[in-house]
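Trainee: I am new to this structure and would like a guided walk through it. Please start with a word I will need.

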Amino acid sequence: MIISKRQQQTEDLLSRAGILPVVAVDTLDQARGVANALLEGGLPVIELTLRTPVAMDALATLKKELPDFAIGAGTVLTIDQIGQCVGAGADFLVTPGTPTHMAEALASAPVPVIPGAASPTELLTLLHLGFHVCKLFPASAVGGLAMIRALHSPVPQLKLCPTGGITEASAAEYLAQPNVVCVGGSWMVPRQWIQAGDWTSIRDSAARAAQIVRQVRAG
């Protein structure tokens, strides 16, 4: 019952987001700058990846300073990281892949989770464990739109957040698929813009991404 409730929360969160920016930062100032730029552009949810030494501190700092901003921890690879991220205030957790021991730990996590998978077998295993909302990663490398469309008929209850290789040009077509609840990507937050402090470009790209969500959902 707990996992069912959490997964519904996950689906609701991703549905509200539409597009999930996947961000890596090297400093707290970068975290603040990119978060504010995304908010100004109209994207209220962020996946802050645990790929840099400052990531956990950045997560905790943003949650204190921007309490209404939904901040997820991405690239969660270990059970210890699950507890650390929850303790830092993460609103949700994202994994690039989900071995059995991680799936078991995620099933009891006290926040929404988006477990990653790369194949139909992995997705069906997660579905069997109670996860009906999953991250398809790396989406474009494992079949992209063709795979997503093929999955819909046999498992229409499975909701996906494809991430990996998606661009501003392709996001709308992904988001328009009936089994896609959200699209993840980093095209609006490239490292060169973050490192240069180019918050204007990030804000403007985020605004275009938010417009994609509105246009697709307007039908």
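Mentor: Happily! A residue is called buried under 20% relative accessible area, exposed over 50% and partly exposed in between, using a 1.4 Å probe and protein chains only. This is a predicted model, so local features need pLDDT of at least 70 and side-chain atom pairs count only at pLDDT 80 or more, while totals for chains, interfaces and linings use all residues. Residues are numbered from 1 along each chain as its sequence is written, and side-chain values use heavy atoms, with hydrogens and water left out.

Trainee: Is Thr-75 buried or exposed?
Mentor: Look first at where Thr-75 sits: the loop between strand S3 (70-74) and helix H4 (79-88). Helices (H or I, at least four residues) and strands (E, at least two) are DSSP runs, numbered from the N terminus. The relative accessible area of Thr-75 is 15%, so this residue counts as buried.

Trainee: What is phi of Thr-75 near?
Mentor: Thr-75 is a residue other than glycine, and its phi is positive. The value is near 55°.

Trainee: Which peptide bond is cis?
Mentor: One to look at involves Pro-138, in the loop between strand S7 (133-136) and helix H7 (144-152). Its omega is near -10°. That cis bond runs from Phe-137 to Pro-138.

Trainee: What is the strand order in the open sheet of six strands?
Mentor: Strands pair if DSSP finds at least two bridges between them. In this sheet the pairing is parallel. The order is S5-S4-S3-S2-S1-S9.

Trainee: Which strands stand at the edges of that sheet?
Mentor: Look for strands with a single partner strand. Such a strand has one partner, so one of its sides is left without a neighbour in the sheet. Here the edge strands are S5 and strand S9 (183-185).

Trainee: Which residue in S2 does Val-22 stand opposite?
Mentor: Strand S1 (residues 19-23) and strand S2 (residues 45-49) pair in the parallel sense over two bridges. In S2, the residue opposite Val-22 is Glu-47.

Trainee: How many of the residues of S2 are buried?
Mentor: Take the two faces of S2 in turn. Val-45, Glu-47 and Thr-49 are buried on one side, and Ile-46 and Leu-48 are buried on the other. S2 is therefore mostly covered under the definition of buried, and the count of its buried residues is five of five.

Trainee: Which residues of S1 point the other way from Ile-19, Pro-21 and Val-23?
Mentor: S1 is also mostly covered, with five of its five residues buried. Ile-19, Pro-21 and Val-23 point one way, and the residues pointing the other way are Leu-20 and Val-22.

Trainee: Which residue in S9 is the bridge partner of Ile-19?
Mentor: S1 and S9 run parallel and are joined by three bridges. In S9, the partner of Ile-19 is Val-183.

Trainee: What is the strand order in the open sheet of three strands?
Mentor: The pairing in this sheet is parallel. Strand S6 (116-117) and strand S8 (159-162) each have a single partner strand, so each has one side left without a neighbour in the sheet. The order is S6-S7-S8.

Trainee: Which residue in S7 does Gly-116 stand opposite?
Mentor: S6 and S7 pair in the parallel sense over two bridges. On S7, Val-133 and Lys-135 are buried on one side, and Cys-134 and Leu-136 are buried on the other. The residue opposite Gly-116 is Lys-135.

Trainee: Which residue in S8 is the bridge partner of Leu-136?
Mentor: S7 and S8 pair in the parallel sense over four bridges. In S8, the partner of Leu-136 is Pro-162.

Trainee: Which residues does Val-113 touch, not counting residues up to four places away in sequence?
Mentor: Val-113 lies in strand S5 (residues 113-114). Its relative accessibility is 2%, so Val-113 counts as buried. Contact means heavy atoms within 4.5 Å. By that rule, Val-113 touches Gln-7, Thr-10, Leu-93, Leu-106, Phe-131 and Val-133.

Trainee: What distance separates the C-alpha atoms of Val-113 and Val-133?
Mentor: Val-133 is among the residues that Val-113 touches. The two are 20 residues apart along the chain. Their C-alpha atoms are separated by 8.4 Å.
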